[in-house]
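User: I would like to learn how to read a model like this one, feature by feature. Could you take me through it, giving the general idea before the particular case?

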Number of protein chains: 2
Amino acid sequence: MKLQVDRHAASPIAQQLEESIRHWIQENGAGGRRLPSIRRLAAELDISRNAVIDAYERLVAIGLVRSRPGSGFFIADGAAVTPQPSLASTPLQEVTNGLWGLFSANEHSLKLGCGWLPNAWRESEDLTHAIRQVARKSQSGIFEYSTPQGLQELRSLIQERLRPLAISASAEQIVMTSGGSHSLDLLVRMLLEPGDVVFVESPGYYNLFGLLHLQRVRVIGIPRLADGPDINRLEALLAEYRPRLFYVNSVFHNPTGSTLTPAIAHRVLQLAEQYDFTIVEDDIYADFQHTPTTRLAALDGLKRVIYLSSFSKTLTSSLRVGFIAAPPSLVQRLVDIKMLTSISSSRFAEQVLITLLQNGSYRKLTERLRARLSNQMALALTQLKQVGWVVFTEPAGGMFVWAKSPVEKEALMESARRFDIMLSPSHLFFPDNQTTPWLRLNIAYLQDPRAKAFIAANSDQGNTPK
Amino acid sequence: MKLQVDRHAASPIAQQLEESIRHWIQENGAGGRRLPSIRRLAAELDISRNAVIDAYERLVAIGLVRSRPGSGFFIADGAAVTPQPSLASTPLQEVTNGLWGLFSANEHSLKLGCGWLPNAWRESEDLTHAIRQVARKSQSGIFEYSTPQGLQELRSLIQERLRPLAISASAEQIVMTSGGSHSLDLLVRMLLEPGDVVFVESPGYYNLFGLLHLQRVRVIGIPRLADGPDINRLEALLAEYRPRLFYVNSVFHNPTGSTLTPAIAHRVLQLAEQYDFTIVEDDIYADFQHTPTTRLAALDGLKRVIYLSSFSKTLTSSLRVGFIAAPPSLVQRLVDIKMLTSISSSRFAEQVLITLLQNGSYRKLTERLRARLSNQMALALTQLKQVGWVVFTEPAGGMFVWAKSPVEKEALMESARRFDIMLSPSHLFFPDNQTTPWLRLNIAYLQDPRAKAFIAANSDQGNTPK
């Protein structure tokens, strides 16, 4: 296998290598043949291992190469004859194309696949009032940078909010961010080096997968079951890999709607101790939960666990406020990276949130949302069951149901187009982009007549398109 | 020279290598001795070149090692006997410590060294009005994510604002960000790989240096003169290095206050063509300028030049709004990275800005600011000259004067402490952290009685401390 790269060419080394391997495969076939190890190929071509990893990952993404955990990379069967998608189809772009789709969808189409509440659910009175109050009263609120870590008053209020979850974090352990994605980005940059291994849940949050690809880390999926990550599989993969961190979405998991049980939480932490990895606990759906369940951060006391949450799902996606609660030893560096990459978050947004947390209106808002979601969830589960849809698990709350129609996926997608319903691209929820019959449904949209008709039309009584 | 690293140890490879070299130097001395090349050491220890670069950079930062452009790294003279500062003193932390200092300064101390306008200059009426208007009228403005690229309407208004600067950018070439630092961060992530070479101006914007260190790139300073970057030095260094990009702050340069001349702009672009590098033109002080001067982006037509600016310096640092105008081929990837790392910027902030741009109040605000700054600049230059301070150049506007007191730096710092005046850490403006007699003064604070007394006390009539 003769491969060449030119370090003076305009295109990146990884891309050159990918193309070189692609041409070789298309000329020589040899499905099942093992590719050189990352280390060997890097040494032979005198390029970085990251460039090799990147090239192999691109080839995996377009189906020419298969990765077998522990034993390396192999040319996929039939790779030589499969027509290849364009170069545009890198893992990163797969994800962003999916996101673009959600954002640029026709305004009138029903966003049954999206990850946010419908505008009709939003209550503007309290938020508008708080905004006007900050604008009127706070000169610093409308003009100044926030402090590097975020306003002390807000961090103290968040400290209070974490108490019912049994998470003890001092205000000094809390770092304000511009939302959940920003939190993840800061953590990824602080904790990961290119080539590191990261475990994620599969299915899981696809924006994270794109972010990890951007950082050039190896992403390995741990199956997500109804009670949390698949512990047996986690243990088996830990024997082969030494992940730097494991990302877990504990409560009302995206996309399955499932919630971590105490027993699984305990086992995950034991394994983290044994295999020395960090856990990022993403809890952005926390405020949709009525009775708190076990958090990893609560059991662990924020030693190995870094916890994050945000106000985007409940209050507003526009103002961009999230936070991280971290082990004390990590706070300074986290804030350093935040300063270098953004100076500070929005002081205005932080002050608006302080107002709503202090006057109790945020608490009342989340109570109303929980009641409404709980009601919608019950309706959704009944509605799906009646027409023969299968659910992965019956979520105790939150926005998502992970459901499977009795109808073939292709017919289902066609039907969604006819009803002008936007579904989320399910394969993106899997780090290896596997095709799947499961769909993430946002229950807040499921009582819309179009959604009802769509579900009913794709029932076990046969597909009856209008 | 025997060096060892343990890839299974808890501490990062680069840190181990740094410590290992440090011990070797302290035991063996040998100032002036050349260290192994990055490539050789990486191969010998089977570690990444980035780890070696990182270790060498840390050693440079603490003065144990000197980098000689083109010929490698050498043990500094006297390195073995110099007491070493703590490990905390990495280039990145130097910068963030400087930033922390500015942010955490006593509220009552006079921030003569800071990079923003005094609160007393801020005019709240129009901004408050716009905020209240958006809160009242726009349901989407207070709740929804913005679009991935930023609101179309705002991008069209920015397109109009670029026209008088002779920069032709369609709204499709403009990407909204959460401020200047966020813009730089997105560009750094899109354009740079660890180990790449980047040219910056020296002195220049120190937050950028920290950001570049974070991305593990090699930072090389091009002297900034009164008419722009030192073209001779730039040309000489281009013969030795192939930078991926050159960062230029064209107008009212931070910290010198100087402005790029058309002739230098033209030469920089010729060299960019000849040596095939990208230019990032930072123009965040643009709106302080009354009569537009030549922009690199205007001459180049946004082919090799990526232009950025923000509203933080004029309107508000709290709402976090900036933008990038980029060559069309880069826009999609830029937005992809923005989505993965933050989903979107604040729609609320974008709508507030739309309001202020549309109703003309932003234009009037900047007119008032320019008149006021121009007046303050004239006063400052007279004031400094009278007492024998030297200015690097007489800025035509903006906030900064780069000035040198007739008094020794140490006495000057002591005097500043006595007057409760916060100066900026001058060495940070140099990518190699060189000590310097120059100070960045923010002229908007210079008529404060404390500032006047401080300047007068450190005159060529001798230091007359009270």
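**Reading the model**

Analyst: Pro203(A) lies in the loop between strand E4 (197-202) and helix H9 (206-214) of chain A, where helices (H or I, at least four residues) and strands (E, at least two) are DSSP runs numbered from the N terminus. This is a predicted model, in which local features need pLDDT of at least 70 and side-chain atom pairs count only at pLDDT 80 or more, while totals for chains, interfaces and linings use all residues. Residues are numbered from 1 along each chain as its sequence is written, chains are lettered from A and ligands numbered from 1 in the order in which they are written, and side-chain values use heavy atoms, with hydrogens and water left out.

User: Which peptide bond leads into Pro203(A), and what is its omega?

Analyst: Most residues other than glycine have a negative phi, and most peptide bonds are trans. The bond from Ser202(A) to Pro203(A) is cis, with omega near 5°. A cis bond is also found from Asn254(A) to Pro255(A), with omega near 10°, and Pro255(A) sits in the loop between E7 and H11 of chain A.

User: Where is Thr256(A) placed, and is Thr256(A) buried or exposed?

Analyst: Thr256(A) belongs to the loop between strand E7 (245-249) and helix H11 (262-275) of chain A. Its relative accessibility is 0%, so Thr256(A) counts as buried; the term buried means under 20% relative accessible area, exposed means over 50%, and partly exposed lies in between (1.4 Å probe, protein chains only). Leaving out residues up to four places away in sequence, Thr256(A) touches Pro203(A), Arg224(A), Phe392(A), Thr393(A), Pro395(A), Phe400(A) and Trp402(A), a contact being heavy atoms within 4.5 Å. The contact list of Thr256(A) thus includes Pro203(A), the proline described at the start.

User: Which residues other than glycine have a positive phi?

Analyst: Among them is Asp46(A), with a positive phi of about 50°, in the loop between helix H2 (38-45) and helix H3 (49-61) of chain A. Asp46(A) is partly exposed, at a relative accessible area of 29%. Another is Arg320(A), whose phi is near 65°; Arg320(A) lies in the loop between strand E9 (305-310) and strand E10 (322-325) of chain A and, at 6% relative accessibility, counts as buried.

User: How should I read separation along the chain against separation in space, for instance for Asp448(A) and Leu112(A)?

Analyst: The two quantities are read side by side. Asp448(A) and Leu112(A) are 336 residues apart along the chain, and their C-alpha atoms are separated by 9.3 Å; Asp448(A) itself is in the loop between strand E13 (438-442) and helix H17 (449-457) of chain A. For Thr256(A) and Ser178(A), 78 residues apart in sequence, the C-alpha to C-alpha distance is 25 Å. In chain B, Phe288(B) and Glu367(B) are 79 residues apart along the chain, with C-alpha atoms separated by 8.2 Å. Over chain A, residues 24 or more positions apart account for 74% of the contacts with a separation of 6 or more.

User: What can be said of chain A as a whole, beginning with how many helices and strands there are?

Analyst: Chain A has 17 helices and 15 strands, and of its 466 residues 61% count as buried. A compact globule of 466 residues would have a radius of gyration near 23 Å, and the 23 Å of chain A agrees with this; the radius is taken over C-alpha atoms, and the globule rule is 2.2 Å times the number of residues to the power 0.38. Along the principal axes, the C-alpha atoms of chain A fill a box of roughly 70 × 60 × 45 Å.

User: How is chain A laid on chain B?

Analyst: Two copies of a chain are related by a rotation about an axis and a shift along it. Here a turn of 180° and a shift of 0.0 Å along the axis lay chain A on chain B with an RMSD of 0.1 Å, the copies being superposed by least squares on the C-alpha atoms of residues with pLDDT of at least 70 in both. The two copies are therefore related as by a two-fold rotation axis. In chain A, the C-alpha nearest the axis is that of Arg132(A), 2.8 Å from it. Of the interface residues of chain A, 98% are also interface residues in chain B, so the copies meet through the same surface.
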